[in-house]
Amino acid sequence: MDKYDVKNEVTDKYSLRGRVFHKLRDDILSGKYKEHEELREVAIGEELGVSRTPVREAFRQLELEGLIQIIPNKGAFVTGITIKDVKDIYMIRSRLEGLCARWATKHITKEQMEEMEENVYLTEFHAKKGHMEQIAELDNRFHDILYEACDSKMLEHLLKDYHNYVLRVRRKTLVTDRATASNNEHRLIMEAIRDGDADRAEQLANAHMINAFENMVKSGLYQAYQDE
């Protein structure tokens, strides 16, 4: 595995500590590190090509987010995202995405609106072709556009974090018939935002998250997430 690039201080928006933190968080959420697995400072520092200091600082931040537990005189151990965490995240996201869609009706730019419309049309095309990788990428981008369009860096930051937390589960749900239904829901959200209907946009975005979670439960992926 190539060493993680930590040298580009100008173009990377994160500090050295921040980049190490985000890399470790992504690895935990992607399943590279399993629940209860010990994270070793020296090994991670060597893998990423950094000293132990930024790794140790990243550990502290990961513990604050509840992704690891640091046990004195023993080490740092992965706690990850539990099955209850997944449900909680979807319920929280349902409210926050509704608020995001409401604000987007007032603040979305012409360019963002055009990209959102194109996103829906491209997803429909790839769904007919069965291109699941492209669908997953477009699904992620739709939500990113929505978050950016709300014109609130605080809300955008929260939603992107929650979005990343359940990314592994979401990728699995999109290999089911949920992909087409999800894009139809995106289309309705997009149309409500385009029409400036804040109430409808909020209701649709809220329902979109509830539907996504209910599909996980129905398909068995919710339990399978915990069983891995």
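Among contacts in the protein between residues at least 6 apart in sequence, what percentage join residues at least 24 apart? In this predicted model, the share is 69%.

**Figure 1. Overview of the predicted protein fold.** The protein has 11 helices and three strands. From the N terminus, the order of elements is α-β-α-α-β-β-α-α-α-α-α-α-α-α. Of the 228 residues, 45% are buried. The accessible surface of the protein is about 12,500 Å². Carbon and sulfur atoms account for 50% of that surface.

**Figure 2. Close-up of Cys 100 and Cys 150, two cysteines without a disulfide between them.** The sulfur of Cys 100 has its closest cysteine sulfur in Cys 150, at 4.0 Å. That is too far for a bond, because a disulfide requires cysteine sulfur atoms within 2.5 Å. Cys 150 is likewise in no disulfide, and its nearest cysteine sulfur is that of Cys 100. Across the whole structure, the search finds zero disulfides. Cys 100 is buried, at 0% relative accessibility. Cys 150 is buried too, at 1%. Both values count as buried because the cut-off is under 20% relative accessible area.

**Figure 3. Close-up of Pro 54 in helix α3.** Helix α3 spans residues 52–64. Pro 54 has 5% relative accessibility, so this residue counts as buried. Which residues does Pro 54 contact, leaving aside its neighbours within four places in sequence? They are Leu 16, Arg 17 and Val 20.

**Figure 4. Close-up of the Pro 54 and Val 20 pair.** These two residues lie 34 residues apart along the chain. Their C-alpha atoms are separated by 6.8 Å. Pro 54 and Val 20 are also in contact.

Methods
Residues are numbered from 1 along each chain as its sequence is written. This is a predicted model: local features need pLDDT of at least 70, side-chain atom pairs count only at pLDDT 80 or more; totals for chains, interfaces and linings use all residues. Side-chain values use heavy atoms; hydrogens and water are left out. Buried means under 20% relative accessible area, exposed over 50%, partly exposed in between (1.4 Å probe, protein chains only). Helices (H or I, at least four residues) and strands (E, at least two) are DSSP runs, numbered from the N terminus. Contact means heavy atoms within 4.5 Å. Accessible areas come from the Shrake-Rupley method with a 1.4 Å probe; for residues, only the protein chains shown count as cover.
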